[in-house]
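These are my notebook entries on one protein structure. I record what I looked up, entry by entry.

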Amino acid sequence: GKHAQSELYYVRALAALEKLTGPTNLEVVAVVENLGDLRLEQRRYSEARHLYRRALEVKRKLLRPGDVGLASTLLNLGTVYYLQGDDRKAEQVYQETLVLAEEALGRDHPEAAICLMSLATVYGARGNYRKAEPLYQQALAIWEKTLPANDARIALCLENLALLYASQGKHNQ
């Protein structure tokens with residue numbers, strides 16, 4: 001919760017690392033992403049978007065295409081787009097992330113379920129319940145199979161499904 005102090009240390013660390021290694025280094029990218037996370041938490045979305053794009057650009061240069069290391073950056077970028085109300089860009093980024101996660105980790109991996117849930121959230125917010133519901137159900141099935149029963153991700157997915165059904169008047173479901 002000490003955002004000002006965190007920001008100060010991230011900025012100092014970023015300057016020191018860039019001076020030592022140059023701007024296109026994965027250690028620099030890690031600090032850029034952490035600073036992006038801080039900006040996201042502070043609801044400074046434009047700055048977070050810029051930082052995530054910067055990190056993604058470097059990762060795309062340094063990592064091989066399809067490397068799962070791109071997934072977290074893409075998910076964060078998609079979240080920024082979603083929070084800024086740009087559902088189209090969020091959908092595009094989440095779809096790219098889902099393809100990457102499924103190819104790199106498998107369709108039944110918990111990380112793929114995060115991508116499914118994110119994409120379902122975009123569809124649900126748009127009122128496209130037909131597309132959202134199966135994605136939530138698929139994410140839930142993956143998590144129920146791979147996570148402990150009391151994991152918060154399962155509860156969140158169940159809550160999102162309940163909200164989706166309620167918004168459609170399907171109260172029994």
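Which residues does Trp143 touch, not counting residues up to four places away in sequence? I listed Pro110, Ala113, Ile114, Met117, Arg153, Ile154 and Cys157. I note at the outset that the model is a predicted one.

**Entry 1: the overall build**

I looked up the secondary structure and found 8 helices and 0 strands in the protein chain. Read from the N terminus, the order of elements is therefore α-α-α-α-α-α-α-α. I then took the dimensions of the C-alpha trace, which spans about 60 × 35 × 30 Å along its principal axes.

I also looked up how much of the chain is covered. Of its 173 residues, 40% count as buried. The protein chain exposes about 9600 Å², and carbon and sulfur atoms supply 52% of that area. Among contacts with a separation of 6 or more, 55% come from residues 24 or more positions apart.

**Entry 2: the nonpolar cores**

I returned to Trp143 and asked where it belongs. The largest nonpolar core has 41 residues, and Trp143 is one of those with the most contacts inside it, together with Tyr136 and Cys157. At least two residues of this core come from each of helix 3 (45-62), helix 4 (71-83), helix 5 (87-105), helix 6 (110-126), helix 7 and helix 8 (152-167). Helix 6 gives the most, with 9 residues. Apart from this core lies another, of 11 residues, among them Val28, Leu35, Leu51 and Val58.

**Entry 3: charges and salt bridges**

I counted the charged side chains next. The protein chain has 22 positive and 21 negative ones, and the centres of the two sets lie 4 Å apart. How many salt bridges does a search of the whole structure find? It finds 13. I examined several of them in turn.

The first entry in my list is the pair of Arg39 and Glu7, whose closest N and O atoms are 3.2 Å apart. Arg39 lies in helix 2 (residues 26-41) and Glu7 in helix 1, so this salt bridge ties together parts that are 32 residues apart in sequence. I checked the cover of both partners. Arg39 counts as buried because its relative accessibility is 7%, whereas Glu7, at 22%, counts as partly exposed. I also noted that Glu7, Arg39, Arg44 and Glu47 are linked in a network of salt bridges.

I then turned to Glu96 and Arg60, whose side chains meet in a salt bridge at 2.7 Å, N to O. Glu96 belongs to helix 5 and Arg60 to helix 3, so the pair ties together parts that are 36 residues apart in sequence. Both partners are partly exposed: Glu96 has 32% relative accessibility, and Arg60 has 41%.

Another salt bridge that I looked up joins the side chains of Glu91 and Arg126 at 2.6 Å, N to O. Because Glu91 lies in helix 5 and Arg126 in helix 6, this pair ties together parts that are 35 residues apart in sequence. Glu91 is buried, with a relative accessible area of 10%, while Arg126 counts as partly exposed at 28%.

**Entry 4: a buried charge without a salt bridge**

What is the nearest side chain of opposite charge to Glu133, and how far away is it? It is Lys170, 4.1 Å away. A salt bridge requires a side-chain nitrogen of Lys or Arg within 4 Å of a carboxyl oxygen of Asp or Glu, and Glu133 has no salt bridge although it is buried. I located Glu133 in helix 7 (residues 129-146). Leaving aside neighbours within four places in sequence, Glu133 is in contact with Leu161, Leu164, Tyr165 and Lys170. Lys170 is therefore in contact with Glu133, since contact means heavy atoms within 4.5 Å.

**Entry 5: a serine in helix 1**

Is Ser6 buried or partly exposed? Ser6 counts as partly exposed because its relative accessibility is 30%, and buried would mean under 20%. Its place is in helix 1 (residues 3-21). I also looked up its separation from Thr24: the two residues are 18 positions apart in sequence and 22 Å apart in space, C-alpha to C-alpha.

Notes
Residues numbered from 1 in each chain as written. Predicted model: local features only at pLDDT ≥ 70, side-chain atom pairs only at ≥ 80, totals over all residues. Heavy atoms only, no water. Helix = DSSP H or I, 4+ residues; strand = E, 2+ residues; numbered from the N terminus. Buried < 20%, exposed > 50% of the residue type's maximum accessible area, 1.4 Å probe, protein only. Areas by Shrake-Rupley, 256 points an atom, 1.4 Å probe, with all protein chains shown as cover. Lys, Arg positive; Asp, Glu negative; His and termini not counted. Charge placed at Lys NZ, Arg CZ, Asp CG, Glu CD. Core = buried A, V, L, I, M, F, W, Y, C linked by side-chain atoms within 4.5 Å.
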